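User: Could you take me through the charged pairs in this model? I'd like to hear the reasoning behind each label.

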Amino acid sequence: MRIYLPATPADVALYVLSGRVVHAVALTCFGLAALVGLVIIAWCGQWWLIAVGVGALLAAWFYTGGRHPYGYMGLGEVFVFIFFGLVATAGTVYIQSGTVPWQAWVAGSAVGLIACAILMANNIRDIPTDAVTGKRTLAVRLGDTWARRVYVLMLAVAMGCGVVLAFTPSTHQASLLLYLPAFAIATRNSWRMLSRGPSRAQGRALIPVLKTTGITELAFALAVLVSFWASSLLV
């Protein structure tokens with residue numbers, strides 16, 4: 001596995017990690033995640049969640065592991081939406097309250113879609129090399145033009161979920177202001193993706209888009225957290 005790190009503005013340093021090291025680090029992270037998961041399950045007493053945890057670990061491993069990694073068959077976004085969005089968000093609500101209100105599903109869908117957009121931005125950048133090496137990601141299957149459109153659609157639907165969450169009985173309408181940073185970044189990224197001029201993000205210029213899509217995820221999640229927390233204090 002090769003990791004490229006910028007050494008200077010005009011140079012790139014190449015670091016090579018052996019497969020054995022990467023494998024050991026991955027197993028260590030899986031083990032720590034499983035341990036933390038067991039502690040949480042013991043705390044909430046919902047032991048059936050072990051099955052969900054096992055499913056998450058298997059999904060993480062077979063994304064790029066095994067003989068037929070599903071990440072290279074165009075299914076990466078499906079599992080990212082499920083585990084980074086629905087399971088992470090709705091699951092967090094469930095272990096704390098014992099229920100999953102519809103707002104949690106909406107929030108989970110939004111978070112999952114933005115996570116999918118992060119993956120899509122990364123894979124759009126890698127279309128030329130992935131197509132040659134046989135990695136049939138969703139971006140490769142859709143082609144550059146449609147992959148960009150799907151990226152924008154993912155963000156648009158996620159931002160729409162934010163509007164829905166801001167106008168639920170559980171929150172105050174003023175909480176819509178908390179989503180504005182995420183809306184602004186998502187709009188700028190969408191424009192860069194679809195622009196046909198010199199501002200069009202392609203090649204290495206997609207790296208900043210990838211970064212700011214991640215910031216969009218963080219900004220949106222913080223907006224959800226603060227809006228529902230603030231509303232709970234007003235009840």
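User: What makes Arg 200 count as buried or exposed in this predicted model?

Analyst: Happy to explain! Arg 200 has a relative accessible area of 16%, and buried means under 20%, so Arg 200 is buried.

User: Why is the contact between Asp 144 and Arg 200 called a salt bridge?

Analyst: The N to O distance between their side chains is 3.2 Å. The cut-off is within 4 Å, so the pair qualifies. The two residues sit in distant parts of the chain, 56 residues apart: Asp 144 is in helix H7, and Arg 200 is in the loop between helix H8 (180-194) and helix H9 (206-234).

User: How do you know that Asp 144 and Arg 148 form a salt bridge?

Analyst: By the same rule: an N to O distance of 2.8 Å falls within 4 Å. Both belong to helix H7 (residues 144-166), and because they are four residues apart there, about one helical turn separates them. Together, Asp 144, Arg 148 and Arg 200 are linked in a network of salt bridges.

User: Why is Asp 144 called partly exposed, and what about Arg 148?

Analyst: Asp 144 has a relative accessible area of 29%, which lies between the 20% and 50% limits, so partly exposed fits. Arg 148, at 2%, is under 20% and therefore buried.

User: Which residue does Asp 126 pair with, and why does that count?

Analyst: Asp 126 pairs with Arg 125. Their closest N and O atoms are 3.1 Å apart, within 4 Å, so this is a salt bridge too. Arg 125, at 28% relative accessibility, is partly exposed.

User: How many salt bridges are counted by this rule?

Analyst: The count comes to three.

How values were computed. Residues are numbered from 1 along each chain as its sequence is written. This is a predicted model: local features need pLDDT of at least 70, side-chain atom pairs count only at pLDDT 80 or more; totals for chains, interfaces and linings use all residues. Side-chain values use heavy atoms; hydrogens and water are left out. Buried means under 20% relative accessible area, exposed over 50%, partly exposed in between (1.4 Å probe, protein chains only).
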